[in-house]
Each structure stands twice: as C-alpha cells, then as structure tokens.
Amino acid sequence: MEPLIVLIGVTMVIFVAGAAGVKRLRPWPVALRGGVAAMFMLTGTVHFVWMREELISMVPPFLPNPGFIVTLTGLLEWAGAIGVLWLPTVPWAAGGLSLLLLIMFPANIHYALSGLATKPEDAIFPRTLMQIVFLSASLTIMLYYSRQRSVRRRSLNETNNTPKSVHN
C-alpha cells in the first residue's frame, strides 16, 4: 500500500506546486514522472533494506538465485526512477519500468497465493489493482513522451524540408 500512497501523494504535491505557479512543474506529465520516480525509489530501496527477506521469499521457487533477482530488480527500479526524471531517457525508462512490472507480476501472484501474504492489501485482487495503477502510470509516461518526441521530430523534418524563398 505504501508505494501507492507515495505515487499518489508525490504526484499530487508536484501537481499542486505546478498549479501554484512553479512553472517547471506545471505540465501534468512532470507531476506523474515525479510520483513514479518516488515510488520506484521507495520500492527499489526495500529490495536492500526493511523487506529484503520478504521479497526474496516472493520469488517463485522455480527461479534460481532469488537473492540475486531481488538485488537486480531493486537496481533496475532505481535506474528506472532516475531515468524518468531525465528528459532524454524518459520514454525508455518508463518503458523499462513497465516491462519490469510485467515481469515481476508472477512474484506478486506467488506471494498472494502461497500463504505468505498476511495483510488484506496483499491478497491477489488488491495487489493486481495496484499493479494496474503502477503499470498505467508508467505506460502513460512512456506513451506521452514518445508521442512528444515523434511530434518534435516531424516538426523538425517539416521545417528542414520547407523550401526557402529567394529574395533578389
């Protein structure tokens, strides 16, 4: 539940700051990027502290070396969080985080169905809904910034291909 609270809370704080006049924070995608980055910094951190053993137990038993998998996914979450904050890498980072969410979803299913989950929000239905929210946020960022790049490229191409008038 904490990642969802961080995603929503940070997104709203940045959105309000933008609405209050902080010009760089005004566009809604910037607020969403901040929320996603904060959420993945949190979830990446728990791969190393607080919940490491719990996350290792979530790895389905058919996968080898669960400790390494948890370390790798934590590092990838940090990299993705940083990547969605740096404009040149936003679509790639958001796409990578989306893929990571899909790849890690079987661990969420395993956790919910194995009897390891003890809190109501860890049951399969709430976990799935949260994953849908996280995936929707990362995909929204990826699609928005991919389209922005495409529009910018098209505009540059049209500008470069426009015949120049010759004045005598």
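Biologist: Where does α5 bend, and by about how many degrees?

Modeller: Bear in mind that this is a predicted model. In α5, the proline P106 follows within four residues of the bend. The bend lies at M104, and its angle is about 35°.

Biologist: How far apart are the end C-alpha atoms of helix α5, and what should its residues span?

Modeller: Helix α5 runs over residues 90–113, which makes 24 residues. At 1.5 Å a residue, α5 should span 34 Å. That agrees with the model, because the end C-alpha atoms of α5 are also 34 Å apart.

Biologist: Is W78 buried or exposed, or partly exposed?

Modeller: W78 is found in helix α4. Buried would need under 20% relative accessible area and exposed over 50%. The value for W78 is 27%, so W78 is partly exposed.

Biologist: Which residues does W78 touch, leaving out those up to four places away in sequence?

Modeller: One partner, F40, is also in contact with E77, A81, L97 and L101. Counting only partners beyond four places in sequence, W78 touches F40, M41, G44, T45 and F48.

Biologist: Which residues touch the most other members of the largest nonpolar core?

Modeller: That core has 21 residues. Helices α1, α2, α5 and α6 each supply at least two of them. The residues that touch the most other members are L7, V36, F40, V84, F134 and I141.

Biologist: Which element has the lowest mean pLDDT?

Modeller: Across the protein the mean pLDDT is 91, and 94% of residues reach 70 or more. Helix α4 has the highest mean among the elements, 98. The lowest, 88, belongs to α6.

Conventions: Residues numbered from 1 in each chain as written. Predicted model: local features only at pLDDT ≥ 70, side-chain atom pairs only at ≥ 80, totals over all residues. Heavy atoms only, no water. Helix = DSSP H or I, 4+ residues; strand = E, 2+ residues; numbered from the N terminus. Expected span 1.5 Å × (residues − 1). Bend = angle between axes of the 7 residues up to and from the residue. Core = buried A, V, L, I, M, F, W, Y, C linked by side-chain atoms within 4.5 Å. Buried < 20%, exposed > 50% of the residue type's maximum accessible area, 1.4 Å probe, protein only. Contact = heavy atoms within 4.5 Å. pLDDT = per-residue confidence, 0-100.
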